[in-house]
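Biologist: Before we start, please put the sequence and the structure where both of us can see them. I will ask, and you can reason from what is shown.

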Amino acid sequence: MGIGISIVLIAAGAILAFAVNATVSGIEIHTIGWILMVVGIVGLVLSMIFWSSWAGGGYWSRRRTAYVDEGPAGPRY
């Protein structure tokens, strides 16, 4: 689950939990909304944890080092 899907689940859950006032027999819409929000938050947290572990600390700020060849060695005395 990616960050985008997690945000969509959180938004859909919030709409069902807070904005819908309908009643359906056999289904509690507010509970489904809370479940979707919890699943979305867990997915978002896991995505952030795995995203940072793949890149590692300071991955994007590392500078590449260049190898400098100083030419052939001269005679040693």
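**Two serines, then the rest of the chain**

Modeller: The place of Ser47 is in helix α2. Keep in mind that this is a predicted model.

Biologist: Is Ser47 buried or exposed?

Modeller: The relative accessible area of Ser47 is 13%. A residue counts as buried under 20% and as exposed over 50%. Because 13% falls under the 20% limit, Ser47 is buried.

Biologist: Which residues does Ser47 touch, leaving out those up to four places away in sequence?

Modeller: Contact here means heavy atoms within 4.5 Å. With residues up to four places away in sequence left out, Ser47 touches Met1, Gly2, Ile3 and Ser6.

Biologist: How many ångströms separate the C-alpha atoms of Ser47 and Ser6?

Modeller: Ser6 has its place in helix α1, while Ser47 belongs to helix α2. Along the chain the two serines are 41 residues apart. Between their C-alpha atoms, the separation is 8.7 Å.

Biologist: Why does Ser6 count as buried?

Modeller: Buried means under 20% relative accessible area. Ser6 meets that limit and is buried because its relative accessible area is 0%.

Biologist: Which residues does Ser6 touch, again not counting residues up to four places away in sequence?

Modeller: Ser6 sits in helix α1. Not counting residues up to four places away in sequence, its contacts are Met1, Gly40, Gly43, Leu44 and Ser47.

Biologist: Which residue has a backbone oxygen 2.9 Å from a polar atom of the side chain of Ser47, and which one has a backbone oxygen that the side chain of Ser6 reaches?

Modeller: For Ser47, a polar atom of the side chain lies 2.9 Å from the backbone oxygen of Gly43. For Ser6, the side chain reaches a backbone oxygen at 2.9 Å, and that oxygen belongs to Gly2.

Biologist: Is Ile5 buried or exposed, and how many ångströms separate its C-alpha atom from that of Gly40?

Modeller: Ile5 is found in helix α1. Its relative accessibility is 52%, and because the limit for exposed is over 50%, Ile5 counts as exposed. Ile5 and Gly40 are 35 residues apart along the chain, and their C-alpha atoms are separated by 7.6 Å.

Biologist: Which residues form a nonpolar patch on the surface?

Modeller: The accessible area of the patch members together is about 610 Å². One of them, Ile49, is found in helix α2 and counts as partly exposed at 47% relative accessibility. Another, Val42, also lies in helix α2 and is partly exposed with a relative accessible area of 43%. The patch is formed by Val38, Ile41, Val42, Val45, Leu46, Ile49 and Phe50.

Biologist: How many aromatic pairs does a search of the whole structure find, and which residues form an aromatic pair?

Modeller: The search finds one aromatic pair. Its ring centres are 5.4 Å apart and the planes are at 80°, so the pair counts as edge-to-face, for which the angle must be over 60 degrees. The residues are Phe18 and Trp34.

Biologist: Where in the chain are Phe18 and Trp34?

Modeller: The pair links distant parts of the chain, with the two positions 16 residues apart in numbering. Phe18 is exposed, at a relative accessible area of 55%, and Trp34 is partly exposed, at 46%. Phe18 is in helix α1 (residues 3-19), and Trp34 is in helix α2 (residues 29-55).

Biologist: Which residues does Val20 touch, not counting residues up to four places away in sequence?

Modeller: Val20 has its place in the loop between α1 and α2 and counts as partly exposed at 21% relative accessibility. Val20 and His30 are ten residues apart in sequence and 7.9 Å apart in space, C-alpha to C-alpha. The residues touched by Val20, with that exclusion, are Ile15, Ile29 and His30.

Biologist: To finish with the whole chain, how many helices and strands are there, and what percentage of the residues is buried?

Modeller: The secondary structure comes to two helices and zero strands. The accessible surface of the chain is about 6700 Å², and 67% of that belongs to carbon and sulfur atoms. Of the 77 residues in the chain, the buried ones make up 12%.

How values were computed:
Residues are numbered from 1 along each chain as its sequence is written. This is a predicted model: local features need pLDDT of at least 70, side-chain atom pairs count only at pLDDT 80 or more; totals for chains, interfaces and linings use all residues. Side-chain values use heavy atoms; hydrogens and water are left out. Rings of Phe, Tyr and Trp (its six-membered ring) pair if their centres lie within 6.5 Å; planes under 30 degrees apart count as stacked, over 60 as edge-to-face and the rest as tilted. Helices (H or I, at least four residues) and strands (E, at least two) are DSSP runs, numbered from the N terminus. Buried means under 20% relative accessible area, exposed over 50%, partly exposed in between (1.4 Å probe, protein chains only). Patches are made of residues with over 30% relative accessible area and no salt bridge: like charges are joined within 9 Å, nonpolar side chains (Val, Leu, Ile, Met, Phe, Trp, Tyr) within 5 Å. Accessible areas come from the Shrake-Rupley method with a 1.4 Å probe; for residues, only the protein chains shown count as cover. A salt bridge is a side-chain nitrogen of Lys or Arg within 4 Å of a carboxyl oxygen of Asp or Glu. A polar contact is a pair of N or O atoms within 3.5 Å; within protein, one must be able to donate a hydrogen and the other to accept it, and residues adjacent in sequence count only if both atoms are side-chain atoms.
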